[in-house]
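Okay, thanks everyone for coming. I'd like to walk you through a structure, so let me just put it up on the screen.

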Amino acid sequence: MQYAISILLSGVSLGGQYALIAIGYTMVYGILRLINFAHGDVFMVAGLMMVYLTASLPLAAAIPLVLVLTVLLGFVIERAAYKPLREAPRMSVMISAIGVSYLLQNLATYITGGLPQMYPEIPGISKTITIAGAPTKVVTVVTPVLVLVLVLALTQLIHHTKVGMAMRAVAKDFETAQLMGIRINAVISVTFVVGSFLAGVGSVLYFTNYQSIVPLSGSLPGLRAFVAAVFGGIGSIPGAVVGAFIIGLSESIIKGSNWSIFSDAFTFALLIIILVVKPTGLFGEKVTDKV
Amino acid sequence: MLKIENLQVSYGGIQALRGISLEVPDGKIVTLIGANGAGKSTTLRTITGLVKASSGSIQWNGEELLGKSIDKIIGAGIALSPEGRRVFADMSVLENLRIGAYLRKDKEGIEEDIRWVYSLFPRLEERSWQLAGTLSGGEQQMLAVGRALMSRPKLMMLDEPSLGLAPLVVQDIFSIIGEINKQGVTVLLIEQNANMALKIADLAYVLETGNITMSGTGAELLADERVREAYLGKNG
């Protein structure tokens with residue numbers, strides 16, 4: 001029983017962390033039809049920035065600064081690597097994204113010398129507590145609550161603000177949105193800012209559970225979050241969140257069994273099954289390519 | 001007044017407009033008729049800035065529009081109701097109208113204009129909360145026009161508003177266009193339904209493969225033999 005609870009808790013927590021990354025994938029896809037391969041690496045860079053900033057700054061200053069810098073990184077990546085390719089075929093933008101992904105990994109290797117960096121302890125959330133007899137870290141409980149709050153705030157932003165209305169319009173029809181006077185580049189920037197911010201928050205929650213961080217630390221969580229976004233129906237925010245919790249829970253359950261080695265294989269098998277049964281994912285709508 | 005001079009546009013090696021000049025005087029209804037592919041839509045899209053011109057000039061009340069960003073052009077009082085309506089299908093009718101007023105900051109004015117659009121198109125008011133994608137073709141066209149009006153344009157451009165609509169609905173739309181014009185909005189209309197367009201127009205231009213080949217008042221062109229033969233389907 002205790003064991004089941006601890007697996008459930010860690011699954012929900014992991015799911016929440018994936019959700020924060022998955023939203024970034026799904027939002028960017030919704031607007032640009034681009035799989036932003038660099039997103040997982042932005043998540044990793046946020047983790048590394050945390051390592052370096054906490055070396056010289058108190059946590060209360062480091063965390064907000066990490067979030068601001070992560071947002072800035074997302075913004076700059078879009079402006080430098082994707083915006084110039086706005087009229088180019090989608091494949092070119094995708095390759096640009098892969099390039100940015102490797103650039104970030106290589107930069108991280110260069111700066112860290114390839115050595116694992118100790119992730120700082122965050123006193124509030126790294127503490128161990130006991131829930132129903134199962135020992136767990138505070139972050140496990142904080143994560144789903146925080147995810148819920150952030151997702152609600154995001155939904156509010158998208159459905160009840162002017163910029164949210166612009167985002168929905170741009171996602172559906174670039175040209176007509178422009179005819180309304182919407183500056184699509186500004187809206188795309190906002191999308192990257194929001195996605196990077198959530199990835200930054202996700203990074204703090206995620207890496208707290210690990211001792212150290214390496215330049216490749218972003219690729220697997222990034223990939224799993226991407227799977228979650230596809231699973232839920234890429235382009236759909238509720239889909240990404242639900243997908244992330246399902247992926248997180250199933251990963252946690254497999255890791256708690258004798259088959260833990262196969263957890264990633266299982267995740268992808270699950271994805272394949274869903275896509276065979278429902279090609280658009282759980283909440284996906286049929287997307288007709290823009291003409 | 002909108003004044004286009006020697007406008008040339010080409011994309012992908014094809015010259016869509018080969019140096020056209022035309023004028024849209026304030027308060028008038030001007031129509032541009034021509035066959036498919038003559039460059040009618042390209043003309044409107046170039047005015048809004050969606051398409052870049054290769055040379056020429058587009059002056060709006062003495063101000064050069066070429067090279068300006070789309071939001072600046074829309075903000076200067078020009079609106080386009082695009083071909084194929086292009087309403088935001090998964091937004092409600094009301095949201096579609098609100099997004100038409102995206103650049104405006106005067107909240108009260110916006111509410112007032114929503115009521116104005118609803119008075120022009122009572123059908124839209126009945127369907128205020130309905131998703132635009134569930135409307136009929138005619139209602140979507142009304143919404144596209146209403147949405148364009150929400151920016152309070154001085155010049156309203158309409159791209160094929162009658163396309164694919166039943167004759168009765170087309171008449172409704174045209175009478176509303178007349179009504180909008182009476183309320184002081186200048187109209188630039190492009191149509192394949194040349195008969196309807198010429199009847200309503202003060203001024204008309206005929207566009208053929210990127211060139212303007214004829215111009216005159218609506219009545220003049222309506223009576224012209226060549227126009228009758230080519231665009232009104234009447235031989236002799």
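Let's start in chain B, at B:Glu160, which lies in the loop between β7 and α7 of that chain. Keep in mind that this is a predicted model. What drew me to B:Glu160 is its backbone: phi is near 50°, a positive value, and the residue isn't a glycine. Is B:Glu160 buried or exposed? There are 22 C-beta neighbours inside 10 Å, so B:Glu160 counts as buried.

There's another residue like that in chain B. B:Arg152 has phi near 55°, again positive and again in a residue other than glycine. You'll find B:Arg152 in the loop between α6, residues 137–149, and β7 of chain B. Its surroundings come out as 17 C-beta neighbours inside 10 Å, and because the cut-off for buried is 20 or more, B:Arg152 counts as partly exposed.

Now to the strand itself. β7(B) covers residues 155–159, and 5 of its 5 residues are buried. That goes for both faces: on one side you have B:Leu155, B:Met157 and B:Asp159, and on the other B:Met156 and B:Leu158, all of them buried.

Who does β7(B) pair with? One partner is β6(B), residues 78–81, in the parallel sense over 4 bridges. If you want a residue pair to look for there, B:Leu80 has B:Met157 as its bridge partner in β7(B). Another partner is β8(B), residues 186–191, and this pairing is parallel as well, over 5 bridges. Here B:Leu158 stands opposite B:Leu189, and B:Met157 has B:Leu188 as its bridge partner in β8(B). So that you can follow the connection on screen: β7(B), then helix α7(B) at residues 167–182, then β8(B), make a right-handed β-α-β unit.

Staying with β8(B) for a moment, 6 of its 6 residues are buried. B:Thr186, B:Leu188 and B:Ile190 are buried on one side, and B:Val187, B:Leu189 and B:Glu191 are buried on the other. β8(B) also runs parallel to β3(B), residues 29–33, with 5 bridges joining the two. In that pairing B:Leu32 stands opposite B:Ile190.

Next, another sheet in chain B. This one is open, with 4 strands in the order β2-β1-β4-β5, and the pairing is antiparallel. The edges are β2(B), residues 14–24, and β5(B), residues 63–64; each has a single partner strand, so one side of each has no neighbour in the sheet. Inside that order, β1(B) at residues 2–11 and β4(B) at residues 55–60 pair antiparallel over 5 bridges. A handy landmark is B:Lys3, which stands opposite B:Gln59 in β4(B). Then there's helix α1(B), residues 40–48, which lies across β1, β2 and β4 of chain B and runs at about 70° to β2(B).

Over to chain A, where I want to show you a couple of helices. α9(A) takes in residues 184–207, and at 1.5 Å a residue its 24 residues should span 34 Å; the end C-alpha atoms are 34 Å apart, which agrees. Of those 24 residues, 19 are buried, so α9(A) is largely enclosed by the rest of the structure.

And α11(A), residues 237–255, has 19 residues and reaches 27 Å from first C-alpha to last, close to the 27 Å expected at 1.5 Å a residue. α11(A) is mostly covered too, with 14 of its 19 residues buried.

Last stop, the place where the chains meet. How many residues are in contact across it? On chain A there are 14, and they touch 17 residues of chain B. Looking at the chain A side, the elements giving two or more residues are α7(A), at 162–172, and α8(A), at 174–179. α7(A) gives the most, with 5 residues. By type, the residues on this side divide into 6 nonpolar, 3 polar and 5 charged.

That's the tour; I'm happy to rotate the view if anyone wants to look at something again.

Conventions: Residues are numbered from 1 along each chain as its sequence is written. Chains are lettered from A and ligands numbered from 1 in the order in which they are written. This is a predicted model: local features need pLDDT of at least 70, side-chain atom pairs count only at pLDDT 80 or more; totals for chains, interfaces and linings use all residues. Two residues are in contact if their C-beta atoms, placed from the backbone, lie within 7 Å. Ala, Val, Leu, Ile, Met, Phe, Trp, Tyr, Cys and Pro count as nonpolar, Asp, Glu, Lys and Arg as charged, and the others, Gly among them, as polar. Two strands pair if DSSP finds at least two bridges between them. Axes are lines fitted to C-alpha atoms, for helices over the stretch in contact, and angles run from 0 to 180 degrees between N-to-C directions. The expected span of a helix is 1.5 Å times one less than its number of residues. A residue is buried if 20 or more other C-beta atoms lie within 10 Å of its own, exposed if 12 or fewer, and partly exposed in between; C-beta atoms are placed from the backbone. A crossover is right-handed if, with the strands pointing away from the viewer, the path from the first strand over the helix to the second runs clockwise.
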